[in-house]
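Visitor: I've got the sequence and the model up on my screen. Mind walking me through it?

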Number of protein chains: 2
Amino acid sequence: MPLSKAGLNMSSNLSQNKKTVLSTQGYRGTRDFFPNDQRLQNYVYSKIHKLMHSFGYEEYNGPIVEHLELYAAKSSEEIVREQLYSFKDKGDRTLAIRPEMTPTLARMVASKQKELLKPIRWYSIPTCMRFERPQRGRLREFDQLNVDIFGGNSLDEDIEIILSAVDVLKCVGAKYEDFEVKINHRGIINSFLSNIMNVPEGNISSLLRLLDKKDKLSSDEFSVECKKLNLTQDQTNNLDQFLNSSIEEIISLLGDYAAPAKELKNRIDSLIELTSEKVIKFSPEIMRGFDYYTGMVFEVFDKHPDNQRALFGGGRYDNLIAAFGGDDLAGVGYGMGDVAIINFMEVHGYLPELKKETDVCVIRFSESDRISALKLSKELRALGLNTESPVTLSKFGKQIQNAEKVGAKAVAFRGNDEMVNNTFCVKWLLTGEQEIYNYEKEGFDLFYKKLKMN
Amino acid sequence: MPLSKAGLNMSSNLSQNKKTVLSTQGYRGTRDFFPNDQRLQNYVYSKIHKLMHSFGYEEYNGPIVEHLELYAAKSSEEIVREQLYSFKDKGDRTLAIRPEMTPTLARMVASKQKELLKPIRWYSIPTCMRFERPQRGRLREFDQLNVDIFGGNSLDEDIEIILSAVDVLKCVGAKYEDFEVKINHRGIINSFLSNIMNVPEGNISSLLRLLDKKDKLSSDEFSVECKKLNLTQDQTNNLDQFLNSSIEEIISLLGDYAAPAKELKNRIDSLIELTSEKVIKFSPEIMRGFDYYTGMVFEVFDKHPDNQRALFGGGRYDNLIAAFGGDDLAGVGYGMGDVAIINFMEVHGYLPELKKETDVCVIRFSESDRISALKLSKELRALGLNTESPVTLSKFGKQIQNAEKVGAKAVAFRGNDEMVNNTFCVKWLLTGEQEIYNYEKEGFDLFYKKLKMN
């Protein structure tokens with residue numbers, strides 16, 4: 001049973017002793033979204049939803065928990081050993097809260113592989129959890145935009161996926177000069193290490209792992225690590241030079257083994273023509289760990305001095321579906337955390353000012369006008385206006401103040417005169433001007449038009 | 001450590017043996033949302049978001065996991081003992097996946113109680129998990145709309161909360177005759193039992209528990225249970241009669257103790273005037289378990305013969321915030337599962353036909369027109385059109401067929417002639433008609449207008 005005895009005792013203690021004061025803090029590394037925070041998230045997500053649909057991507061979603069086997073087979077070892085929230089359910093099944101969406105995506109695509117129209121263009125913004133030390137840009141609970149395309153031509157798909165990644169940032173206000181897409185291809189470094197540098201097969205994955213963390217090492221530290229892997233100083237220099245080469249230099253260097261580099265150049269040339277050379281950059285040091293990627297890989301970097309770091313990344317994978325017994329179905333995709341994009345917007349000054357969108361507050365004068373106020377609210381809502389009904393009886397001035405605080409443009413009410421004359425009265429909060437409208441379709445339409453013009 | 005040894009072994013076995021075939025089934029009681037399913041959920045949620053904003057409610061959200069103490073103190077015993085997914089994190093903290101939103105809501109409101117403008121009108125549609133036997137209308141993982149209002153006048157709040165609950169169903173197509181809101185007040189039955197029937201204090205909660213499950217018992221079974229609680233046959237008849245009384249009869253029966261019943265009648269009268277007597281029904285048997293409710297309680301019932309059951313419910317609670325050391329702040333709210341509302345729509349025939357919303361597919365003829373096709377796609381997206389670029393090279397007819405399958409209204413392309421003449425060609429899929437537009441703002445605007453008119 002996952003609920004420990006300590007937990008149960010605590011539970012019964014607490015329910016017996018109602019006076020115990022509970023903490024108002026949530027679990028570390030998680031977030032409370034108060035309406036202000038939620039409004040910002042909704043703003044960002046609505047831009048992303050719109051963008052994804054403009055590219056023809058359809059939204060999907062899956063469970064928050066999966067059987068542990070799925071992650072054991074599909075996620076990186078680091079995630080599975082160190083970062084999973086895993087546990088047993090009351091039926092002794094071992095589950096884990098999703099640390100990423102790709103294993104679920106692979107499972108879902110595999111389950112309907114034959115029926116799905118190709119290309120499969122899908123996206124999702126799932127909430128995920130990883131046990132990590134919380135820090136700037138990294139929480140334990142986060143949302144992650146996942147964008148993937150399967151089943152087409154890899155050149156066209158790779159180009160499209162990068163174009164959409166660029167547009168994700170542009171749709172929240174970014175300019176080409178704000179960020180950089182660093183692009184590489186898994187085959188280039190493999191080719192170079194085995195065919196040009198003649199690194200023995202058994203040494204290649206250790207060397208790749210070293211290259212993956214190269215930017216965290218000084219030049220001297222890097223040399224020391226290279227020596228440990230039995231590289232000569234010449235080979236180390238060679239490697240260093242390789243990592244500073246242009247794609248053209250690498251193609252000429254690789255000679256007969258240049259196919260992956262030529263493939264990549266093709267993508268890069270098209271991408272520069274479709275976006276800007278400010279934003280597209282060949283970067284032979286980009287590795288993207290050792291997970292499921294097999295072809296082109298990329299990372300998007302923030303260029304802002306206060307936030308110079310990888311925002312998100314992705315790449316091409318060829319074998320993701322086969323483990324479910326289906327055919328191979330190659331794809332390419334990326335994942336972007338919501339924390340990363342909000343931080344990006346923050347440092348570049350792209351966070352909007354968002355307020356509650358109440359159009360009108362209905363106000364009341366006495367105990368006896370409840371029903372007429374609620375009926376007026378109902379009419380205003382029927383027009384499509386966000387309308388708050390009164391639930392606190394207070395003075396006229398106080399009700400006006402509250403309406404201003406929730407961002408209303410006007411207050412509306414029906415006093416005795418308005419009831420007698422079949423009208424309603426409107427006070428415009430910006431000007432203080434007061435107007436009478438007929439309590440009929442024509443009057444409501446007039447009011448609606450005037451409110452929407454303001 | 002929550003990850004069992006068995007789990008870890010399995011993990012390394014699987015990563016060593018890539019040929020193992022994984023199941024494409026998710027965890028029982030959870031759902032995969034393929035784009036068709038997601039589209040329906042988006043449709044329902046967008047209606048609900050709009051409705052909630054029209055009442056002035058703001059969206060909030062909180063973590064998927066909380067410290068176990070929060071549920072131990074705030075959720076019902078049944079949930080805590082039997083339905084929680086609880087576990088320890090790698091730092092030995094005991095957590096649980098949220099089985100409901102109200103404890104998180106209470107924590108959040110308590111943490112900023114003083115700053116928040118009253119009334120607090122909040123809603124959320126969180127994903128929750130409970131370990132239950134999956135069955136029709138009940139899953140282990142589900143979303144639940146939560147709507148709450150705090151800090152106003154209880155009569156006005158109670159009326160508003162019911163009006164919004166009625167409108168939640170109406171906004172997805174329901175009519176007043178499709179469902180019923182059964183309303184009661186916790187104080188009525190308490191008053192009746194202690195002041196009129198003179199049931200001893202110690203017996204009241206057992207009796208309430210019996211009443212809560214009365215609709216699952218036959219009349220004879222109910223009598224037997226009453227006897228076990230030492231009720232005389234007279235008292236049992238009395239109780240039975242009480243449960244079949246109108247609110248007016250109950251007010252007269254309770255005499256000096258009728259305050260809660262009068263309070264409730266006030267709400268019911270207003271609600272009938274604002275909606276319909278078809279939909280509002282006094283129902284003295286509604287109890288809503290023994291959780292946090294203290295005043296008015298209600299449940300919404302589907303009247304469809306194939307789905308006669310409680311869809312959702314809620315009520316007034318007076319002490320939810322105090323456990324966090326803040327002041328008392330009374331509120332009223334309800335929770336509605338997404339499974340319940342989808343089932344409701346299904347049996348009443350309110351499920352819409354929703355298709356992918358691609359406006360236009362760009363098509364290609366050769367290896368050399370990639371860039372021009374991608375540029376055309378970009379122009380069309382800039383107009384706000386959902387545009388799919390080609391990623392599979394296939395014959396013209398096949399590309400047209402695919403465009404029809406994704407619901408496009410037109411295909412657009414640039415062959416040699418169009419490149420020379422600075423135009424693009426459009427084929428309208430409904431009529432087969434073909435048209436040439438200038439590859440300039442004026443041409444794009446013309447095309448946009450024509451597409452939006454179709």
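Visitor: Which residue of chain A comes closest to the rotation axis?

Guide: Quick housekeeping first: this is a predicted model, where local features need pLDDT of at least 70 and side-chain atom pairs count only at pLDDT 80 or more, while totals for chains, interfaces and linings use all residues. Residues are numbered from 1 along each chain as its sequence is written, chains are lettered from A and ligands numbered from 1 in the order in which they are written, and side-chain values use heavy atoms, with hydrogens and water left out. Chain A goes onto chain B by a rotation of 180° with 0.0 Å of shift along the axis, at RMSD 0.0 Å (a least-squares fit on C-alpha atoms of residues with pLDDT of at least 70 in both copies). At 3.0 Å from that axis, by C-alpha, the residue is A:Phe87.

Visitor: What relation do the rotation and shift give?

Guide: Chain A superposes on chain B after a 180° turn, with 0.0 Å of shift. Therefore, the relation is that of a two-fold axis.

Visitor: How much of chain A's contact surface recurs in chain B?

Guide: Contact here means heavy atoms within 4.5 Å. The same surface serves both copies, and the share of chain A's contact residues that recur in chain B is 99%.

Visitor: Which strands of chain B's open sheet stand at the edges?

Guide: Strands are DSSP runs of E, at least two residues (helices are H or I, at least four), numbered from the N terminus, and two of them pair if DSSP finds at least two bridges. The order in chain B is β2-β4-β3, paired antiparallel. Each edge strand has a single partner, so one side of each lacks a neighbour in the sheet: these are β2 (65-67) and β3 (85-88).

Visitor: And which residue of β4(B) does B:Phe87 face?

Guide: β3(B) and β4 (residues 94-97) of chain B pair in the antiparallel sense over four bridges. Standing opposite B:Phe87 is B:Leu95.

Visitor: Is A:Glu100 buried or exposed?

Guide: UniProt, in an unreviewed entry, lists A:Glu100 among its "binding site" positions, though such annotations may be inferred rather than shown by experiment. A:Glu100 lies in the loop between β4 (94-97) and α5 (102-111) of chain A. Buried means under 20% relative accessible area, exposed over 50%, partly exposed in between (1.4 Å probe, protein chains only). At 6%, A:Glu100 is buried.

Visitor: Where does A:Thr102 sit?

Guide: A:Thr102 is another residue in that UniProt "binding site" list, and at 9% relative accessible area it is buried. Leaving aside neighbours within four places in sequence, A:Thr102 touches A:Asn146, A:Tyr292 and A:Leu320. Its place is in chain A's helix α5.
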